[in-house]
Amino acid sequence: MNYSDFYTKSIERPEVFWNEQAHGIDWFKHPSVILSHNQFGYPQWFEDGELNACYLAIDKHIQDGHGDAVAIIYDSPVTQTVKKYTYREVKTEVAKLAGGLQSLGLNKGDTAIVYMPMIPQALFSMLACARLGVTHSVVFGGFAPNELAIRIDDCQPKVILTASSGIEVNRLIAYKPLVDEAIEIATHKPDRVIVFNRKLGAKIPAQHYDIDYGSLVYDAPEAECVPVLSTHPLYVLYTSGTTGKPKGIVRDTGGYVTALKFSMKYVYGMKPDEVFWAASDVGWVVGHSYITYGPLINRNTTVVYEGKPVRTPDASSFWRVIEEHKVRTMFVAPTAIRAIKQDDPEGLFIKQYDLSHFRALFVAGERCDIATINWVQQHIPIPAIDHFWQTETGWPMAAVMVGVEQLPMVPGSVGRPVCGYNIQILNEEGTEVKAGQEGYVATRLPLPPGTLMDLWNDHDRFVDGYLSQYEGYYFTGDGGYKDEHGNVFITGRVDDVINVAGHRLSTADMEENIASHEAVAECAVVGIYDELKGQVPLALVVKKKNADIENFQLEHELVQLIRERIGAVTSFKKVIPVDRLPKTRSGKILRKMIRNIYDGSDYQIPSTIEDASVVDELVAVFNDFK
Ligand code: COA
Ligand code: AMP
């Protein structure tokens, strides 16, 4: 097949194109309406179709005679466990958990939060919710109670499913006290907290709302799949925006499963029964799309990996997993490759493993430097493919679609637009710019199936954040350009979102918390270059005139504050006290300029700057600091 024709058809005849793809899905009621508009006039897919995502991920395969195929491989170097679950076993786990949820009064239309480490029970929980039409919201286990509380208040879950603990490289993290603290902080109180006891020694302080996961499942009957409309929210996934409040991305059901099945085949080139491994976490969109739903819907085996690329126990882990489980295609954040490269620069570990079956390595989530891609190519003779997408889109926007045509990869590029995404580069006025010219990355509406439907409880923010900048387009928040062949290049976020080790974080959130410290008059947080994590946050802090605190003490307190309020995952470690912040005359902090000065990149002093002499002050302070 030819990429160009396939792509063009998807853009010129989207309804025909996606109707054909929808025929690959076992609907309970096939949609008669393919593309329509919701009450806000926003495009939606397959409006009257009825289906169930859990049915498509599990039951269908058993009915088709594949019940004994392996659905999930749980590989946990941190607990030295490898456990495989067939589709039939997954069904029993999920249907009984769903039965347990039903016995607690959960029904279609309710919401549930999942706050779990990388264990199979996290997937069972998501799938059990989907089975009942309960909208799940998975919260990354690295977020602190305060962040969990914000999400509890926004999506008002009837229950929270959690585990006794997660394991980081050097410590056990007891989850239950974090959940209790979050419930204490939140205004909304869930009815129940279902705790999966991992029996690793973590304390599980008892509360009146607790239920033991094991007992709930043991006693429960298996629940059947509940049909839902295509537009029924399968999940809400919170992601960082430009304010302290995270945005609840609402995902539909019918468009999403259609898009995931499409992408498994055409973007990742996966055939059923093969093993797919996305080395991420269920708390991120990658975990939703390519650890849980995508591979299972495509009848692949998915790997649930509880460990790190390095230090669990060393930089050989990824290659061991690929060899042992016959992984065909893998997805990973560039940071993880950089970490492996740092510990094993010559790729000596790679040589110890048989990777002959390994077909492609996809990277995304942050900018991937060419040296990292080249390092992979040098040591493993397979395509290493940089591709681009976001929590909002749920599946890739730009890639080399290896299941369609193996086009050459252009260094530094994230490939061509994926079918359905009419990606354009716009200038400030919203005009499409010429090839080679940098601008704002936007996609003409309608977005393809499976992309965000709205923001949970906040339609105005959805319009403001994504649709109002350029009429008729969805705005990604990224800058970039296209070359004359249509290859897309992403140059970075143009807003205050930063990407730390592939984790998307809001500088506004950090600023709000830092500003709450009694010694802080004002502050600015920017993402500075980091060789391993891509970016890490740096805070410039102006102390209050009467603040009686040493700089080192303030730094220590602020680092603790961010760890406690947002989470260690922010990797927040650097604080620089300054006399004043660079601002425009209208009071806007010049964050991009701060970042560029710190990184030693080119920067422009805008004509609107309040006082240009602040730039020399910053240069001097940064030189001292480094
Ligand atoms: N629960 C609790 N704490 C967590 C956590 C979790 N689920 N995940 C991370 N943390 C903590 C870590 O323990 C660490 O704490 P510390 O500062 O006390 O050491 C901190 O958050 C930063 O974690 P991390 O970003 O994982 O950094 P690291 O230095 O431990 O490891 C890498 C570096 C490169 C190995 C790691 O960042 C990595 O694996 N990156 C790839 C990330 C990825 O796959 N992203 C995919 C998103 S699509
Ligand atoms: P997230 O929503 O966490 O997946 O983060 C999405 C953001 O990560 C995008 O808006 C980009 O800024 C960035 N991103 C994702 N993939 C890439 C990539 N391949 N190259 C550069 N930036 C990327």
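This passage walks through a predicted protein model, its annotated spans and the surroundings of its two ligands.

The model is predicted, so to speak, with a filter: local features need pLDDT of at least 70 and side-chain atom pairs count only at pLDDT 80 or more, while totals for chains, interfaces and linings use all residues. Residues are numbered from 1 along each chain as its sequence is written, chains are lettered from A and ligands numbered from 1 in the order in which they are written, and side-chain values use heavy atoms, with hydrogens and water left out.

Three annotated spans come first. UniProt, in an unreviewed entry, gives "domain: Acetyl-coenzyme A synthetase N-terminal" to residues 3-56; its positions follow the numbering used here, feature names are shortened, and annotations may be inferred rather than shown by experiment. That span is 43% helix and 15% strand, with end C-alpha atoms 28 Å apart. Helices (H or I, at least four residues) and strands (E, at least two) are DSSP runs, numbered from the N terminus. The unreviewed entry also lists "domain: AMP-dependent synthetase/ligase" for residues 64-444, where the chain is 30% helix and 24% strand and the end C-alpha atoms sit 39 Å apart. Finally, "domain: AMP-binding enzyme C-terminal" is listed in UniProt (unreviewed entry) for residues 510-588. Here the figures are 27% helix and 32% strand, with 17 Å between the end C-alpha atoms.

Two helices get a look of their own. His61 belongs to helix 3 (residues 53-63). With 3% relative accessibility, His61 counts as buried, a word that means under 20% relative accessible area (exposed is over 50%, partly exposed in between; 1.4 Å probe, protein chains only). The His61 side chain also reaches the backbone oxygen of Leu56 at 3.1 Å.

Helix 4 (residues 87-103) has 17 residues, which at 1.5 Å a residue should span 24 Å, and its end C-alpha atoms are indeed 24 Å apart. The expected span is 1.5 Å times one less than the number of residues. Its buried residues include Tyr87, Val90 and Val94, as well as the run from Ala95 through Lys96, Leu97, Ala98, Gly99 and Gly100 to Leu101. After helix 4 comes Gly105, with a positive phi near 95°.

Now for ligand 1. It is surrounded by 24 residues, and the closest are Glu168, Lys308, Pro309, Lys533 and Arg563; a residue is near a molecule if one of its heavy atoms lies within 4 Å of it. By class, this shell holds 10 nonpolar, seven polar and seven charged residues. Oxygen atoms of ligand 1 lie 3.2 Å from a side-chain N or O atom of Arg311, 3.4 Å from a polar backbone atom of Ala568 and 3.2 Å from a polar backbone atom of Val569. On its own, ligand 1 has 930 Å² of accessible area, and the protein covers 85% of that. Strand 10 (171-174) and helix 12 (334-343) are the elements that give two or more residues to the shell.

Ligand 2 has 15 residues around it, with His387, Thr391, Asp478, Arg493 and Arg504 coming nearest. Four of the shell residues are nonpolar, five polar and six charged. A nitrogen atom of ligand 2 is 2.7 Å from a polar backbone atom of His387. An oxygen atom of ligand 2 is 2.8 Å from an N or O atom in the Arg493 side chain, and a polar side-chain atom of Asn499 lies 3.1 Å from an oxygen atom of the ligand. The protein covers 94% of the 500 Å² of accessible area that ligand 2 has on its own.

Definitions and conventions. Polar contact = N/O pair within 3.5 Å; in protein donor to acceptor, adjacent residues only side chain to side chain. Areas by Shrake-Rupley, 256 points an atom, 1.4 Å probe, with all protein chains shown as cover. Nonpolar A, V, L, I, M, F, W, Y, C, P; charged D, E, K, R; others polar.
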